[in-house]
Amino acid sequence: RQSSNQPTGPRAGPEPMNRGLPEGVEYIPTRKKGKNPMKPVGVAWYTLYARTRLGYLFYQRQLKKAQERYPRGHSISQPCCFPGVKILPIPVLSSNYSYLIIDTGSSRAAVVDPSDPLAVEAAIEEEGVTLEAIFCTHKHWDHSGGNAVLRQRHSSCKVYGSALDTIPELTNPLADRETVSVGCLTFEALATPGHTVGHMAYVLDGGPFGGPPCLFSGDLLFLAGCGELFEGSPETMLASLDVAMSLGEDTLLWPGHEYALECLTFASLLELDNPALDQKLQWATQQRQEKRSTCPSTLGEEQTYNPFLRTHQPELQAALGMQQGTREDPDTFRARVLKEVRRRKDLYKAT
């Protein structure tokens with residue numbers, strides 16, 4: 001693909017409105033006040049964060065604070081390797097993950113959501129690889145804030161993402177289902193709006209290496225959770241989650257944040273009798289007590305305890321006190337269930 005003439009520098013441009021969006025994608029510029037990692041929250045704050053330079057300055061402040069508080073990262077992570085591929089989770093900021101994905105045969109690499117360019121650059125140098133691609137899931141600074149610095153250091157590196165999001169340094173806008181090769185690695189871009197209008201997830205094809213598919217989900221999907229609906233309707237988010245779940249149960253889930261313990265605790269308050277959930281919560285509690293990463297999980301696992309993926313389950317519907325209308329479309333009902341789960345999660349405060 002040809003590079004676009006995106007302006008350089010870490011700045012956010014005007015937001016796209018409904019014009020030009022894919023069918024079924026709804027732009028929602030406002031939201032109710034609720035719990036969110038980007039505190040304080042609210043319509044005015046989100047607008048400032050996502051659309052102005054103040055958001056970038058806030059990101060820089062948070063980055064500096066996190067580097068001081070977590071000089072070695074917020075979690076202890078382990079690389080995942082299968083023949084020809086190495087996936088290195090890089091804990092950044094206070095809860096984010098960037099991922100360095102390496103074609104070990106050619107030492108070519110891609111990074112997903114380089115929030116902290118210094119941490120990512122340190123990993124690149126330690127691994128002795130050439131950075132060829134930045135895959136950005138969405139525009140929020142805690143996922144895109146390092147693009148400019150890395151592009152300065154790696155001038156031939158391309159930045160991929162959706163043109164519907166104002167992604168810093170974007171050189172190669174991607175369409176839904178478009179593929180990109182980095183060495184022998186093949187990534188597929190999936191349009192997954194809901195958190196933002198241009199949110200994309202990326203799937204690494206593990207087949208040629210004897211491994212499973214790997215989903216780098218950004219803020220679409222977390223272990224036992226999903227992203228907030230800043231710029232999409234419940235129907236839009238449900239469709240995006242269904243796209244992710246179509247990848248297969250063995251798919252490894254590499255989320256954009258370490259939210260496992262909070263999300264699992266919340267889920268346990270919804271489904272009081274779910275052995276798979278109880279077991280995962282016990283495991284995650286132990287992991288987090290030792291400051292160990294909970295990544296990855298599998299999509300098969302997620303279906304057993306993630307309430308945002310269980311909108312079709314009678315157990316969850318009953319726990320929420322919800323019933324499908326006599327003539328109600330099943331997906332319409334599932335979207336209502338998702339909306340209610342999201343509402344409760346936004347109000348939930350972890351103890």
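**Exercise 1. The β8–β9 hairpin**

Find the residue with a positive phi in the hairpin of β8 and β9, and work out how the two strands are arranged around it.

*Solution.* Start at the turn of this predicted model. Two residues sit between the strands, and Gly183 has a positive phi near 60°. Next, look at the pairing: β8 (residues 179-182) and β9 (residues 185-191) run antiparallel and share four bridges. Val182 has Leu185 of β9 opposite.

Now turn to the side chains of β8. In a regular strand, side chains alternate between the two faces of the sheet. In β8, Val180 and Val182 belong to the covered face, while Thr179 and Ser181 belong to the uncovered one.

Finally, step back to the whole sheet. Six strands make an open sheet of mixed pairing, ordered β8-β9-β10-β11-β14-β15. β8 and β15 are the edge strands, each with a single partner, so one side of each has no neighbour in the sheet. At the β15 end, β14 (residues 252-255) pairs with β15 in the antiparallel sense through two bridges, and Leu253 stands opposite Ser297.

**Exercise 2. The seven-stranded sheet**

Which strands stand at the edges of the sheet that begins with β1 and ends with β7?

*Solution.* First write down the order: β1-β2-β3-β4-β5-β6-β7, an open sheet with mixed pairing. The edges are β1 (80-82) and β7; each has a single partner strand, so one side of each lacks a neighbour in the sheet. Then check the β1 edge: β1 pairs with β2 (residues 85-92) in the antiparallel sense over three bridges, with Phe82 opposite Val85.

**Exercise 3. Unusual backbone geometry**

Where are the cis peptide bond at Pro296 and the positive phi values of Glu169 and Ala224 found along the chain?

*Solution.* Keep the background in mind: most residues other than glycine have a negative phi, and most peptide bonds are trans.

- The bond between Cys295 and Pro296 is cis, with omega about -5°. Pro296 lies in the loop between α8 (275-289) and β15 (297-298).
- Glu169, not a glycine, has a positive phi of about 65°. Its loop runs between β6 (158-161) and β7 (172-173). With a relative accessible area of 9%, Glu169 is buried.
- Ala224 is not a glycine either, and its phi is positive at about 70°. Ala224 sits in the loop between β12 (221-222) and β13 (225-226), and at a relative accessible area of 1% it is buried.

**Exercise 4. Two aspects of α1**

Which residues of α1 are buried, and what do they pack against?

*Solution.* The buried residues of α1 (residues 43-51) are Trp45, Tyr46, Tyr49 and Ala50. Viewed down the helix axis, they fall within an arc of 115°, so they line one face of α1. They pack against α2 (53-69) and α4 (141-144).

Now consider Leu48, also in α1. Leu48 is partly exposed, at 35% relative accessibility. Together with Leu54 and Leu57, Leu48 makes a nonpolar surface patch of about 250 Å².

**Exercise 5. Salt bridges across the chain**

For each of the pairs Glu132–Arg108, Glu258–Arg288 and Arg310–Glu271, decide which parts of the chain are linked, and whether the residues are buried or partly exposed.

*Solution.* The structure holds 16 salt bridges; take the three pairs in turn. The cut-off needed here is that buried means under 20% relative accessible area.

1. Glu132 and Arg108 form a salt bridge with the closest N and O atoms 3.4 Å apart. Glu132 is in β5 (residues 130-135) and Arg108 in β4 (residues 108-112), so the pair ties together parts 24 residues apart in sequence. Glu132, at 27%, and Arg108, at 38%, are partly exposed.
2. Glu258 and Arg288 meet at 4.0 Å, N to O. The pair links the loop between β14 and α7 (260-270) to helix α8, 30 residues apart. Glu258 is buried at 10%, and Arg288 is buried at 17%.
3. Arg310 and Glu271 meet at 2.7 Å, N to O. Arg310 belongs to the loop between α9 (299-305) and α10 (314-319), and Glu271 to the loop between α7 and α8, 39 residues apart. Arg310 is buried at 7%, and Glu271 is buried at 7%.

Elsewhere, Asp242, Asp331 and Arg334 are linked in a salt-bridge network.

Key. Residues numbered from 1 in each chain as written. Predicted model: local features only at pLDDT ≥ 70, side-chain atom pairs only at ≥ 80, totals over all residues. Heavy atoms only, no water. Buried < 20%, exposed > 50% of the residue type's maximum accessible area, 1.4 Å probe, protein only. Pairing = 2+ DSSP bridges. Patch = residues over 30% accessible without salt bridge, like charges linked within 9 Å, V, L, I, M, F, W, Y side chains within 5 Å. Areas by Shrake-Rupley, 256 points an atom, 1.4 Å probe, with all protein chains shown as cover. Salt bridge = Lys/Arg side-chain N within 4 Å of Asp/Glu carboxyl O. Arc of directions from axis to C-beta. Contact = heavy atoms within 4.5 Å.
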